[in-house]
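This report introduces a protein structure to a reader who has not seen it before. The sequence and the model are shown first, and a description follows.

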Amino acid sequence: MTDGLERLWTPHRMTYISGDDRPAEGYEKPAGCPFCRAPKLPPEESLVVARGEHVFVVLNLYPYNPGHLLVCPYRHVADYTDLDVPETIELASYTQTAMRVIRKVSNAHGFNLGMNQGGVAGAGIAAHLHQHVVPRWGGDANFMPVIGRTKVLPQLLGDTRDLLSRAWPS
């Protein structure tokens, strides 16, 4: 019996969800980190798209959308605040270039950009910082706003604004 839902099958993500491809030693040390290993592999194995002095760009092995890129520092560092100035500048520049390139080759309508800092924030590989560049097209939105006509916001916007304003350095 049909339930009226359209299915988007992404079986390639099951390995990621189950953790079957996680190294026994984990991601904490560079030896087990795919972002430390990728730049050392041949291009056809690594999925590296571009290389800079401080960062590189690699296709996400488990993409949310076609063209989902990751901008990663070569250095095995977990927290955005631990990047040095040259790494921060190049990460920003390569993110901009990634957006331009994706727009050129696939006419993306928009992007989701972001870093999940820590496992509790959704980082699958929290030990090595990486910036997501996810291309978006009209009609590819998730089910909450499309099907449920709902946005999940756990706090009133005014309350959030007040908290951030008080904490912002002057």
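## Contacts and architecture

Not counting residues up to four places away in sequence, L69 touches V49, V57, V58, L59, N60, A98, I102, Q131, H132 and V133. The model in which these contacts are found is a predicted one. L69 has its place in strand 3, and its relative accessibility of 7% counts as buried because the limit for that class is under 20%. Between the C-alpha atoms of L69 and V48 the separation is 9.3 Å, and the two residues are 21 residues apart along the chain.

L70 is also placed in strand 3. This residue is buried, with a relative accessible area of 4%. With neighbours within four places in sequence left aside, L70 is in contact with F35, F56, V57, V58, N60, H130, Q131 and H132. For one of these residues, N60, a distance is available: L70 and N60 are 6.1 Å apart in space, C-alpha to C-alpha, and 10 residues apart in sequence.

### The protein as a whole

The protein contains six helices and five strands. Along the sequence these elements follow the pattern α-α-α-β-β-β-α-β-β-α-α. Of the 170 residues in the protein, 29% are buried. The accessible surface comes to about 11,700 Å², and carbon and sulfur atoms account for 59% of that surface. When contacts between residues at least 6 apart in sequence are considered, 53% of them join residues at least 24 apart.

### Nonpolar cores

Which residues have the most contacts inside the largest nonpolar core? They are L69, V71, L83, L91, I102, F111 and V133, in a core of 14 residues. At least two residues of this core come from each of strand 2 (55-59), strand 3 (69-73) and helix 4 (85-106). Helix 4 gives the most to this core, supplying four residues. Another core, of 10 residues, lies apart from it and includes C33, F35, A38 and C72.

F111 belongs to the group with the most contacts inside the largest core. Its contacts, leaving aside neighbours within four places in sequence, are with M99, I102, R103, V133, V134, P135 and R136. Two of these partners, I102 and V133, are likewise in that group, and I102 and V133 are also among the residues that L69 touches.

### An aromatic pair

The count of aromatic pairs comes to one. It is formed by F56 and Y74, whose rings are 5.3 Å apart centre to centre, with 35° between the planes, and the pair is tilted. The pair links distant parts of the chain, since F56 is in strand 2 and Y74 is in the loop between strand 3 and helix 4, 18 residues away. F56 is buried, with a relative accessible area of 0%, whereas Y74 counts as partly exposed at 28% relative accessibility. F56 is also one of the contacts of L70.

### A cavity

How many cavities of 30 Å³ or more does a search of the whole structure find? The search finds one. The largest cavity has a volume of about 40 Å³. Its lining is made up of A78, N116, Q117, G118, A123, I125, A126, H128, L129 and H130. Of these lining residues, H130 is also in contact with L70.

### Positive phi angles in two loops

Two residues that are not glycines have a positive phi, and they are set out below.

| Residue | Phi | Loop | Relative accessibility |
|---|---|---|---|
| L47 | about 65° | between helix 3 (43-46) and strand 1 (48-51) | 32%, partly exposed |
| N107 | about 55° | between helix 4 and strand 4 (110-114) | 54%, exposed |

N107 counts as exposed because its relative accessibility of 54% is over 50%. L47, at 32%, falls in between the limits for buried and exposed, and therefore counts as partly exposed.

Technical notes:
Residues numbered from 1 in each chain as written. Predicted model: local features only at pLDDT ≥ 70, side-chain atom pairs only at ≥ 80, totals over all residues. Heavy atoms only, no water. Core = buried A, V, L, I, M, F, W, Y, C linked by side-chain atoms within 4.5 Å. Buried < 20%, exposed > 50% of the residue type's maximum accessible area, 1.4 Å probe, protein only. Contact = heavy atoms within 4.5 Å. Areas by Shrake-Rupley, 256 points an atom, 1.4 Å probe, with all protein chains shown as cover. Phe/Tyr/Trp six-rings, centres within 6.5 Å; stacked < 30°, edge-to-face > 60°. 1 Å grid on protein atoms, 1.4 Å probe; cavity = no way out; pocket = protein on both sides within 12 Å on 5 of 7 lines; lining within 4 Å. Points joined across faces, edges and corners; volume = space filled by probe spheres on them.
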